[in-house]
Amino acid sequence: MVERTLAIIKPDAVKKDVIGDIIGRYEKAGLRPIAMRMIRLSKDVAEGFYAVHRQRPFFGSLTTFMSSGPVVVLVLAGDDAIKRHRDLMGTTDPKKADPGTIRAVHGTNIEYNAVHGSDSPDTARFEISYFFPEMDLGVQ
Ligand code: GDP
C-alpha cells in the first residue's frame with residue numbers, strides 16, 4: 001500500500017553537509033520526496049512536534065537540539081513507506097543501528113541521530129499536517 005511518512009534531516013546532519021546523501025538514500029530506496037522545506041524550528045515548534053515525549057527526561061535536551069540549527073522536513077511516499085523508512089533509518093541509538101543504515105552512517109549518539117521518521121500511520125498523519133497543513137487530506 002502506498003503510504004506517506006514524515007522525515008526530518010536533523011540539525012546535526014545538516015551541519016555535516018549530508019543532506020544530499022540522505023535524500024539520495026531515500027530516492028534509491030523508492031521513497032520519493034513529494035514535499036520538502038528547509039526551516040529552523042523554534043523551541044516552541046520543536047516542543048509541539050515532540051509533545052508525546054513531554055514527560056521524558058530528555059525532552060528539554062531534545063527540543064533544544066532540534067531548534068539549534070536548520071532542518072529539512074520532507075514527506076516521503078512509497079509502498080509501505082513508514083516501515084521501510086524506519087528500516088532505512090536504523091534504530092534510535094546509532095551505535096546499535098544496523099550497518100549501512102542512515103543513523104549508523106551519520107548519527108553521533110542517541111540524541112544526535114541524524115534523522116527522524118514517523119513510526120505509525122497515525123503519527124505520520126499528525127506529523128505531515130504539522131509541517132504541511134495543505135497536505136492534510138486524511139489519506140496516508
Ligand atoms: P525515534 O522514533 O527512533 O526517533 O526515537 P524516539 O521517538 O524514542 O525519540 C525521539 C528522539 O529523541 C530520538 O530520535 C532522539 O533524537 C531522542 N532520544 C531518544 N532517546 C533518547 C535518550 O535516551 N536520550 C536523549 N538525550 N535523547 C533521546
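This passage describes a buried serine, the aromatic pairs, the ligand surroundings and the salt bridges of a predicted model.

The ligand is considered at the outset. Twelve positions can be read around it in sequence order: K10, Y50, H53, R56, F58, L62, R86, T92, R103, I110, E111 and N113 surround the ligand. Three polar approaches to the ligand are described here. The side chain of H53 places an N or O atom 2.9 Å from an oxygen atom of the ligand. A polar backbone atom of E111 is 2.9 Å from an oxygen atom of the ligand. For N113, a polar side-chain atom lies 2.9 Å from a ligand oxygen atom. H53 and N113 thus contribute side-chain atoms, whereas E111 contributes a backbone atom. On its own, the ligand has 550 Å² of accessible area, and the protein covers 80% of that area.

R86 links the ligand surroundings to a second site. R86 is among the residues around the ligand, and R86 also touches S118. S118 sits in the loop that runs between strand 4 (115-117) and helix 7 (121-131). The relative accessibility of S118 is 0%, so S118 counts as buried, the cut-off being under 20%. Two polar contacts of the S118 side chain are described. One joins S118 to the side chain of E127, at 2.7 Å. Another joins S118 to the side chain of T5, at 3.4 Å. Leaving aside residues up to four places away in sequence, S118 touches T5, L6, I82, R86, T123, A124 and E127. T5 and E127 therefore appear both as touching residues and as polar partners of S118.

Aromatic residues form another theme. The structure holds six aromatic pairs. One of them is the pair of F49 and F131. Their ring centres are 5.4 Å apart and their planes meet at 40°, so this pair is tilted. F49 belongs to helix 3 (residues 43-49) and F131 to helix 7, so the pair ties together parts that lie 82 residues apart in sequence. Both partners are shielded from solvent by the accessibility criterion: F49 is buried at a relative accessible area of 4%, and F131 is buried at 5%.

A further pair joins F126 and Y130. The ring centres of F126 and Y130 are 5.6 Å apart, with planes at 45°, so this pair is tilted as well. Both residues lie in helix 7, four residues apart, which is about one turn of the helix. F126 is partly exposed, with a relative accessible area of 42%. Y130 is also partly exposed, at 28%. The two pairs come together in one aromatic cluster, formed by F49, Y50, F126, Y130 and F131. Y50 also belongs to the ligand surroundings.

Salt bridges complete the account. The structure holds three of them. R25 and D21 form a salt bridge through their side chains, with an N to O distance of 2.7 Å. These two residues are four residues apart in helix 2 (residues 19-28), about one helical turn. R25 is partly exposed at 24% relative accessibility. D21 is partly exposed at 34%.

D87 and K83 form a salt bridge in which the closest N and O atoms are 2.7 Å apart. Helix 5 (residues 81-89) holds both D87 and K83, four residues apart, about one turn of the helix. D87 has a relative accessible area of 44% and is partly exposed. K83 has 48% and is partly exposed too.

R125 and D122 form a salt bridge with their closest N and O atoms 3.1 Å apart. In helix 7, R125 and D122 are three residues apart, again about one helical turn. R125 is partly exposed, at 30% relative accessible area. D122 reaches 56% and counts as exposed, because exposed residues lie over 50%.

Helix 7 recurs across these sites. Helix 7 holds F131 of one aromatic pair, the pair of F126 and Y130, and the salt-bridge partners R125 and D122. The loop that carries S118 lies between strand 4 and helix 7.

Terms used
Residues numbered from 1 in each chain as written. Predicted model: local features only at pLDDT ≥ 70, side-chain atom pairs only at ≥ 80, totals over all residues. Heavy atoms only, no water. Buried < 20%, exposed > 50% of the residue type's maximum accessible area, 1.4 Å probe, protein only. Polar contact = N/O pair within 3.5 Å; in protein donor to acceptor, adjacent residues only side chain to side chain. Contact = heavy atoms within 4.5 Å. Phe/Tyr/Trp six-rings, centres within 6.5 Å; stacked < 30°, edge-to-face > 60°. Near = heavy atom within 4 Å. Areas by Shrake-Rupley, 256 points an atom, 1.4 Å probe, with all protein chains shown as cover. Salt bridge = Lys/Arg side-chain N within 4 Å of Asp/Glu carboxyl O.
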